[in-house]
Amino acid sequence: MDQVSGQDPNVLIVGTGLAGVGMAIKLLEAGEKNFVILEKADGVGGVWRENTYPGCGCDIMSMMYSYSFAPNTDWTRMYAPQPEILDYIRRVVKDYELEPYIRFQSEAVSYEFDDTSDRWVVRTADGDEYRPRAVVAAHGALHVPNIPEFKGRDTFKGPVFHSAQWDHSVDLTGKRVAVIGTGSSGVQLVPQIADAAAHVEVFQRTPHWVLPKLDRPVSTVEQRLFKAFPGAMKIYRNAAFWLHEAPVAGYFHPRLNTLLKWMSLHQLKKQVPDPELRAKLTPSYTFGCKRILFSSDFYPALQRPDVSLVTEGVEEFTEAGIRTADGELHEADVVVLGTGFATGNRCADEHIIGRDGLSIQQAWRDGMQAYYGMTVAGFPNFFMIMGPNSGGGAQSILFLIESQVRYIVQCLRMMEDRGSTRLEVRDEVQREFNTWLHGKLDKSVWVSGGCHSWFLDHTGRNRQSWPGTGTSYWRATREPKAEAFELSGAGQR
Ligand code: NAP
């Protein structure tokens with residue numbers, strides 16, 4: 001099939017990760033074929049295409065890591081490794097015949113709302129121009145690597161790369177590897193590189209709460225069962241769903257997570273007999289304040305004679321390695337930055353100009369905010385998936401994406417039904433919503449639990465998390481409320 005939409009589509013989606021792909025499928029199901037998807041790379045998959053570090057996988061159970069409408073009966077493990085998730089996304093794209101809608105190597109670099117036509121003008125790095133009625137920004141919350149400005153970083157003579165930009169041309173065999181960062185990415189990659197490397201030094205700034213990862217292969221009997229009886233898969237999925245909902249209440253009432261905290265400390269005690277090392281790995285902040293990690297092999301990896309934990313702060317990079325605050329030089333051949341992603345204002349470098357020339361930087365000068373993470377006052381017909389405060393809990397992001405995609409389709413339908421060319425969340429509605437939201441979040445462990453995490457911005461506000469369960473988000477976004485929006489047509493103003 002040839003590409004189906006021209007330069008003036010009804011909807012322009014940015015990104016072919018799980019969010020963009022899900023959006024495209026639901027548009028097709030709603031009968032909307034006049035849309036395009038811009039993808040900066042030459043393949044689909046979003047973060048699951050970009051993150052290829054050794055051991056990369058999902059710490060959400062695989063049974064919950066597929067769209068509800070496209071279950072995957074082929075998962076080989078209870079927690080899916082990255083290549084399988086990428087395969088799944090590719091397969092869904094093929095099954096739903098989305099390729100013709102995708103413009104690969106088309107990076108959207110500028111978005112400007114045209115007040116006269118009520119259309120967005122979206123330009124790509126190659127100079128192409130699109131004029132969609134609506135934009136769906138599905139480019140994810142965790143796609144800009146955080147590369148700290150370590151003193152002397154460029155003087156180091158060996159390769160330095162970020163976990164999300166793994167340099168596969170660098171052979172780690174027999175090398176001394178320094179890994180900075182012990183978040184979700186760091187704990188997954190350290191055990192995987194330890195065998196090949198001569199020595200791994202793990203630089204930890206703050207210990208994390210780590211729960212055992214109940215991973216195991218999905219047996220062929222189970223796989224056959226899922227294929228023959230879809231209901232069996234649903235039972236697994238439901239169990240996984242409620243397991244992921246369970247810790248959320250404890251983010252607001254920490255005592256409810258006492259059992260999980262005990263499980264974390266129990267694993268630590270069992271796997272790390274040395275009390276001195278254990279003390280270094282024991283968090284001093286409330287359980288759940290930082291995103292909880294799931295790993296059963298990180299602590300054992302630290303027991304190896306060729307792996308060591310460094311808890312002194314990184315002072316500077318030198319030609320030969322990393323000098324820590326105590327003056328010690330840790331010689332290394334390769335440095336891996338498991339230092340996370342820029343999340344404080346993920347649109348800080350984006351050119352997004354809404355109504356009356358308002359830039360996203362001006363709109364978010366006091367911090368990122370939106371209405372249910374999807375619409376932003378001043379930016380008509382602009383929808384975000386996984387925008388501010390719509391993730392960050394414990395539930396599978398797929399569940400939240402499906403809620404958002406359904407809501408956005410309904411917003412578009414509402415515009416059509418009313419003959420409107422413009423839909424914009426009312427400023428006062430967004431303000432009231434955020435007052436309510438932060439009132440709840442300020443009482444959560446994310447804000448008051450005594451830690452710093454990527455959930456918080458420089459003002460200390462949580463700009464990532466929804467203050468409740470996935471179910472409560474689903475319920476709140478089941479149907480858009482028309483009165484929350486200004487709806488108008490060019491002839492109606
Ligand atoms: P992260 O959780 O933000 O961890 C970054 C690590 O780097 C932390 O240990 C942090 O220390 C450290 N760090 C950052 N800047 C530093 C500096 N200047 N000096 C020393 N240490 C520094 O990042 P991530 O591990 O990439 O994970 C980010 C998110 O991606 C996760 O929370 C998750 O949502 C997602 N993810 C998911 C999976 C999955 O399995 N589903 C896998 C990977 C990633 P501090 O703690 O002291 O800040």
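Which residues in H1 meet which residues in H12? In H1 they are Leu18, Ala19, Gly22, Met23, Lys26 and Leu27, and in H12 they are Leu398, Ile401, Val405, Ile408, Val409 and Leu412. Contact here means heavy atoms within 4.5 Å. Helices (H or I, at least four residues) and strands (E, at least two) are DSSP runs, numbered from the N terminus. The residues of this contact divide into 10 nonpolar, one polar and one charged. Ala, Val, Leu, Ile, Met, Phe, Trp, Tyr, Cys and Pro count as nonpolar, Asp, Glu, Lys and Arg as charged, and the others, Gly among them, as polar.

The structure is a predicted model, in which local features need pLDDT of at least 70 and side-chain atom pairs count only at pLDDT 80 or more, while totals for chains, interfaces and linings use all residues. Residues are numbered from 1 along each chain as its sequence is written, and side-chain values use heavy atoms, with hydrogens and water left out.

Two packed helices are described by the angle between their axes and the distance between the axes. Axes are lines fitted to C-alpha atoms, for helices over the stretch in contact, and angles run from 0 to 180 degrees between N-to-C directions. H1 covers residues 18-29 and H12 covers residues 397-417; they pack at an angle of about 40°, and their axes are 9 Å apart. H1 and H12 are therefore oblique to each other. Angles under 35 degrees count as roughly parallel, over 145 as roughly antiparallel, 65 to 115 as roughly perpendicular and the rest as oblique. The crossing of H1 past H12 is right-handed; that is, the near helix is turned clockwise from the far one by less than a right angle, whereas anticlockwise would be left-handed.

A second helix pair is H5 (residues 220-228) with H6 (residues 230-245), where the angle is about 115° and the axes are 5 Å apart. That angle makes H5 roughly perpendicular to H6. H5 contributes Glu222, Leu225, Phe226, Lys227 and Ala228 to the contact, and H6 contributes Pro230, Ala232, Met233 and Tyr236. Seven of the residues in the contact of H5 with H6 are nonpolar, none is polar and two are charged.

Met233 of H6 can be followed further. Is Met233 buried or exposed? Met233 is buried, because its relative accessible area is 6%. Buried means under 20% relative accessible area, exposed over 50%, and partly exposed in between (1.4 Å probe, protein chains only). Leaving aside residues up to four places away in sequence, Met233 touches Met63, Asn72, Thr73 and Phe226. Met233 and Met63 are 170 residues apart in sequence, yet their C-alpha atoms are 7.6 Å apart in space.

Next in sequence to Met63 is the loop residue Ser62, found between helix H2 (47-50) and helix H3 (82-95). Ser62 has a relative accessible area of 0% and is therefore buried. With residues up to four places away in sequence not counted, Ser62 touches Trp75, Arg77, Met78, Tyr79 and Ala80.

H3 has 14 residues and reaches 20 Å from its first C-alpha to its last, close to the 20 Å expected at 1.5 Å a residue. The expected span is 1.5 Å times one less than the number of residues in the helix. Its buried residues are Gln82, Glu84, Ile85, Leu86, Tyr88, Ile89, Val92 and Val93, and what covers them includes H1, H2 and strand E3 (102-103).

After H3 comes Glu97, in the loop between H3 and E3. Glu97 is not a glycine, although its phi is positive, about 50°. Glu97 counts as partly exposed, because its relative accessibility is 47%. Asp118 is another residue other than glycine with a positive phi, near 55°. Asp118 lies in the loop between strand E4 (108-114) and strand E5 (119-124), and at 0% relative accessibility it counts as buried.

Helix H4 (residues 184-193) has eight of its 10 residues buried, so H4 is largely enclosed by the rest of the structure. Among the elements that its buried residues pack against are strand E9 (176-180), strand E10 (199-203) and helix H10 (298-302). Lys269 in helix H8 (residues 258-271), by contrast, is exposed, with a relative accessible area of 57%.
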